[in-house]
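Student: I am new to this structure and should like to look closely at one part of it. May I ask for a guided account of that part?

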Amino acid sequence: MLGLLRAAGHAIVPDVGQARGVLVNTCGFIADAAQEGVNAILRYADMRAQGRLDALVVTGCLAQRYRGEMMDEIPEIDALVGTGDFGAVVEAFNRVEHGEKPSYIGEPGWLAPEGTPRVVSTPKHYAYVKVSEGCSNRCSYCLIPSLRGPQVDRKSEAIVAEVERLAAQGVVEAILVAQDTTAYGRSLYGKPSLAGLLREVCSVPGIEWVRVLYTYPSLISEELIDVFASEPKLLPYMDIPMQHGSDRILRAMRRQITRQGMIDVCNKLRRRIPGLVIRTSLIVGFPGETDEDFTDLMTFIDEIRPERAGVFVFSPEEGTPAADLPDQIAPSLARERRGIAMERLAQISRQFGESRIGSIQRVLVDGPSSESELLCVARSYAEAPDVDGSVYVGDATLRAGQFVDVRITDAVEYDIAGEPLEPIAEV
Ligand code: SF4
């Protein structure tokens with residue numbers, strides 16, 4: 001959307017105080033995320049009411065989900081753009097400029113036409129690359145398929161061409177994302193084709209690291225493991241949402257794999273991919289979750305020992321089958337379970353950090369540290385941006401985008417620290 005707006009002559013400014021119009025891109029799949037979006041909209045609605053903005057356009061899942069009521073509830077909103085209509089964003093602003101209040105909400109599901117201009121909003125040395133839109137799974141707690149439509153995939157040539165363009169702009173780490181990256185290719189090629197895509201992306205000159213997020217455990221094939229085991233640019237970091245460790249709950253969630261199936265996959269991955277770091281996400285407080293189910297989850301955590309993890313409290317979303325299930329769990333109990341699980345996972349993360357003390361890790365510098373002017377923050381293969389911790393490096397002169405080898409000296413729960421050896425590359 002930023003790319004389309006810029007190509008149409010709009011300037012993108014870093015500070016809302018300089019802007020005449022605001023586009024709020026929202027997430028709406030659980031209540032907390034929706035609340036965050038509403039808070040942002042209300043902030044800009046105030047500015048709109050005070051005449052400090054000429055246009056307030058709301059897009060994304062929240063607009064799609066609450067299309068019927070959003071403009072009535074917050075009349076300062078000038079236009080809505082749904083998840084199937086991102087291409088209409090320029091027209092939306094133009095019509096607002098002419099005094100209209102348009103709403104573009106059709107069926108969800110939009111794949112950017114190839115060659116759509118892009119503005120990369122991450123730091124210059126890494127970028128997310130979306131390989132598919134939507135999701136064809138039907139997890140019983142999840143609104144995403146109804147907000148984003150079934151999975152549609154981008155052609156591999158188009159993805160590779162985008163990665164080449166990003167590399168030419170200085171990106172060295174490409175992070176492939178989708179709702180379910182392992183299903184990539186089904187809509188186009190009739191079968192999951194992530195392995196082939198990864199080989200192609202890894203062959204792009206200038207790209208040094210390739211990271212993949214959101215892999216569905218039942219679709220981790222031998223072929224995919226082979227690529228992870230053999231492709232040096234593909235980071236040995238697997239983000240595998242597992243959601244629970246009790247088969248009863250997994251069935252109620254309509255996940256397509258069992259507890260043992262996930263344990264087997266993880267064991268196989270750890271055997272085949274040296275140094276593998278596993279990230280997962282888990283949900284506690286799913287309807288009907290008994291003490292026994294929760295114990296199953298805790299023993300599952302001990303079996304998998306994911307180095308990275310997030311635990312979420314179940315959020316009953318209207319329109320999902322899980323919201324109507326009996327035996328909803330009290331939020332206080334769910335929060336208590338989350339605390340217990342997080343404590344165990346933090347311990348595992350710290351033990352992993354401690355096991356790295358004394359080792360030499362190649363890191364990619366993200367920039368100066370906000371905690372100390374003597375340090376910079378960086379990430380190794382084991383830390384994805386935004387979701388994981390950092391590697392603090394004792395040299396503030398290093399610049400964002402540099403690779404450097406670091407001897408690890410300290411570890412706390414989620415972060416590690418070390419001293420640099422010689423810088424090895426520069427963007
Ligand atoms: S795979 Fe992920 S996005 Fe798709 S339905 Fe399940 S939880 Fe939602």
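Student: Which residue in S8 is the bridge partner of Ala127?

Tutor: The model is a predicted one. Ala174 is the residue of S8 that forms the bridge with Ala127. This pair belongs to a wider arrangement: S5 and strand S8, which covers residues 173–177, run parallel and are joined by five bridges.

The two strands are part of an open sheet of six strands with parallel pairing, in the order S5-S8-S9-S10-S11-S12. Strand S5 (126–130) stands at one edge and strand S12 (308–313) is the other edge strand, each pairing on one side only. From one strand to the next, the twist averages 15 degrees.

Helices lie across this sheet. Helix H10, residues 222–230, lies across strand S9 (209–212) and strand S10 (234–239), and runs at about 135 degrees to S10. Helix H14, residues 331–355, lies across strand S11 (277–284) and S12, and its angle to S12 is about 175 degrees.

To return to S8, one may consider Leu176. Leaving aside neighbours within four places in sequence, Leu176 is in contact with residues including Val129, Leu198, Val210 and Val212. Leu176 is also among the residues with the most contacts inside the largest nonpolar core, which has 56 residues; Leu198, Met242 and Leu269 are the others named there. Apart from that core lies another, of 18 residues, among them Ala34, Ala40, Ile41 and Ile74.

Finally, the ligand has its own surroundings. The residues around the ligand include Cys135, Asn137, Gln179, Tyr216 and Arg255. By class, this shell comprises seven nonpolar, two polar and one charged residues.

Conventions
Residues are numbered from 1 along each chain as its sequence is written. This is a predicted model: local features need pLDDT of at least 70, side-chain atom pairs count only at pLDDT 80 or more; totals for chains, interfaces and linings use all residues. Side-chain values use heavy atoms; hydrogens and water are left out. Two strands pair if DSSP finds at least two bridges between them. Helices (H or I, at least four residues) and strands (E, at least two) are DSSP runs, numbered from the N terminus. Axes are lines fitted to C-alpha atoms, for helices over the stretch in contact, and angles run from 0 to 180 degrees between N-to-C directions. Contact means heavy atoms within 4.5 Å. A residue is near a molecule or strand if one of its heavy atoms lies within 4 Å of it. Ala, Val, Leu, Ile, Met, Phe, Trp, Tyr, Cys and Pro count as nonpolar, Asp, Glu, Lys and Arg as charged, and the others, Gly among them, as polar. A nonpolar core is a set of buried Ala, Val, Leu, Ile, Met, Phe, Trp, Tyr and Cys residues joined through side-chain atoms within 4.5 Å. Buried means under 20% relative accessible area, exposed over 50%, partly exposed in between (1.4 Å probe, protein chains only).
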